[in-house]
Amino acid sequence: MKTCWNPQRPGPMPYHRYRPYQDRVNVPAADRSWPSARIERAPLWVPVDLRDGNQALAEPMDTPRKRRFFDLLVRVGFKEIEVGYPSASRTDFDFVRHLADTGAVPQDVTPVVFTPARADLIDRTFEAIAGMPRAVVHLYIATSPVWREVVLGRSRAEVWRTVREAAERMARRAGDAPGVRLQFSPETFNLTEPDFVLELCDGLTELWDASPDRPVTHNLPATVEIATPNVYADQIEYLHRHLARRESVILSVHPHNDRGTGVACAELAVLAGAQRVEGCLFGNGERTGNVDLVTLALNLFAQGVDPMVDFRDLDAVRETVEHCNRLPVHPRHPYAGELVHTAFSGTHQDAISKGLARHARRAAELGVPEHQAPWAVPYLPIDPADVGRSYEAVIRVNSQSGKGGVAYLLRAHHGIDLPPRMRPDFSRVVQAATDGSGREATPKELYELFRATYLTEGAVRLHAWSTHEQAPGVHRFVCALETGDRVGDFEGTGAGRLTAFADALAGAGVTVEVLDFSEDQAAAFAECRVDGVTAWGAGTGPSAAVQAVVSAVNRAVAG
Ligand code: KIV
Ligand code: ZN
């Protein structure tokens with residue numbers, strides 16, 4: 001429908017080839033409570049990088065890489081870790097054996113191993129974990145109509161028979177291995193009839209004789225995302241309400257990210273009753289990836305909820321994951337990307353530098369270190385320092401930046417605190433330079449621009465000078481001055497040393513009015529009017545004050 005404000009027209013894309021989710025799966029009419037629920041506790045996070053993530057890599061990880069990744073996951077604080085698909089490849093089998101043989105798994109960590117519903121492969125999986133004190137054996141089979149028909153060529157009854165036989169075998173094998181728990185994933189859950197999912201899951205809860213002490217994990221994957229996250233939440237809440245022996249079931253979710261909504265699906269699923277979330281660090285995984293556990297955990301953190309994992313050195317985590325996966329993390333990746341705590345735009349920089357200054361004041365008022373004070377800085381959802389980032393990268397300057405960012409960088413990196421009224425002057429210089437280069441200006445380059453603009457010599461040069469208060473409130477200034485091609489000795493008097501200097505300059509034919517002046521330990525700044533032209537100048541070192549006036553004069557004279 002065309003309206004006066006929306007000129008969009010029917011497009012040429014073949015959208016009619018696709019069907020809405022309502023035509024593909026029955027989602028029971030929801031009596032939902034998830035929209036008003038809150039997440040007050042982290043779910044059990046289960047990284048599947050070493051299985052699902054690894055299956056998506058062009059070059060799967062070898063044992064050293066897997067071990068490095070595993071050790072990282074342990075250090076971060078994950079307590080259940082899917083470590084491989086031992087019946088799928090020698091590498092995976094060997095890695096699980098490596099964990100079993102080297103005692104690399106800490107006492108409070110449980111490895112998960114993945115198996116299809118086939119007798120020989122189940123046996124191989126149990127061989128892989130032999131001797132491990134704890135493990136979860138994870139059985140999967142695709143359950144949705146399209147997969148049943150196209151991939152498996154089995155009816156619902158045949159799928160249940162396959163699952164039951166596999167589950168009985170697993171129960172027998174687990175029976176003599178204490179510490180082994182069992183997990184089931186109806187792959188393509190989100191496209192499967194809800195009554196069939198219930199039939200399979202309840203059948204297994206019963207068959208495996210799950211109890212609150214030895215619960216079964218039912219893991220409900222959005223294997224390929226098909227709908228908005230509210231639909232997945234409805235599907236999860238339906239199972240949460242209808243699963244038998246609910247207190248003996250760990251309800252787990254496993255979202256992928258085909259629609260770019262994996263994180264939203266996981267969060268809404270937790271609101272809907274999920275207790276466990278499978279995903280990968282930084283969202284690696286098949287196609288567009290598994291849900292990103294780093295984002296999920298830090299989203300909770302940013303709400304004031306303990307994520308129960310430690311990302312205080314997020315860059316180190318990212319570097320290890322990039323090394324193991326041989327894939328880069330995008331610079332805009334939530335929380336971890338190189339650019340996500342950085343502001344280039346002038347208005348954002350201004351707000352951030354004001355926010356950081358207020359944060360420092362609040363911390364001082366509360367009598368706590370800055371890293372303990374409550375965080376409320378515009379445009380920064382969390383304190384970058386909490387994930388191991390310095391403030392250095394928070395503000396970076398290019399042609400879109402403003403006076404606030406430029407002033408912040410000069411102050412933070414070079415201790416030069418431009419007076420507020422002078423900031424627009426220097427910002428114009430920076431903008432002309434960055435517009436010309438099309439590049440960012442580093443703090444070093446900013447200082448170089450500052451030096452070239454204010455601290456270089458001009459037509460008026462001060463060679464030697466001295467000043468003293470010859471009577472109360474009367475200063476005398478004596479100097480050797482070079483103005484253009486004239487060199488001479490001059491003197492002047494005034495109520496202060498700068499007015500006395502201005503008087504000496506007048507003697508040399510330069511009429512100067514000092515309009516504004518300030519100085520601190522690093523520099524002095526002066527705004528002067530010379531023959532009707534106003535300019536800012538700066539000086540550093542022992543003669544900073546008078547050099548600031550000379551600098552302003554030279555800039556005014558140069559036009
Ligand atoms: O994406 C998926 O469905 C899976 C399961 C088999 C757990 O990886
Ligand atoms: Zn998956």
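How are the donor residues of the zinc ion (ligand 2) spaced in sequence? In this predicted model, the spacing follows the pattern D-x201-H-x1-H. The pair formed by Asp52 and His256 links distant parts of the chain, the two residues being 204 residues apart. Asp52 belongs to helix 1 (residues 49-55), while His256 sits in the loop between strand 7 (249-255) and helix 9.

A look at the atoms themselves fills in the picture. The zinc ion (ligand 2) has as its protein donors Asp52, through OD, together with His254 and His256, each through NE2. These donors lie 1.9 to 2.1 Å from the ion. Asp52 counts as buried because its relative accessibility, 5%, is under 20%. His256 has a relative accessible area of 4%, so this residue is buried as well.

Next come the enclosed spaces. Rolling a probe the size of a water molecule over the atoms shows where empty space is left. The structure contains 5 cavities of 30 Å³ or more. The largest has a volume of about 60 Å³, and its lining consists of Ile39, Pro43, Trp45, Ala266, Glu267, Val270, Val277, Leu296 and Leu300. By type, this lining comprises 8 nonpolar residues, no polar ones and 1 charged. Helix 9 (262-271) and helix 10 (293-301) each provide at least two of the lining residues, with helix 9 giving the most, 3 residues.

The second largest cavity has a volume of about 50 Å³. Among the residues lining this second cavity are Val25, Asn26, Phe189, Thr192 and Gln235. Its lining divides into 6 nonpolar and 3 polar residues, with no charged ones.

How values were computed: Residues numbered from 1 in each chain as written. Chains lettered and ligands numbered in written order. Predicted model: local features only at pLDDT ≥ 70, side-chain atom pairs only at ≥ 80, totals over all residues. Heavy atoms only, no water. 1 Å grid on protein atoms, 1.4 Å probe; cavity = no way out; pocket = protein on both sides within 12 Å on 5 of 7 lines; lining within 4 Å. Points joined across faces, edges and corners; volume = space filled by probe spheres on them. Helix = DSSP H or I, 4+ residues; strand = E, 2+ residues; numbered from the N terminus. Nonpolar A, V, L, I, M, F, W, Y, C, P; charged D, E, K, R; others polar. Donors = N, O, S within 2.8 Å, 3.2 Å for Na, K, Ca; no water. Buried < 20%, exposed > 50% of the residue type's maximum accessible area, 1.4 Å probe, protein only.
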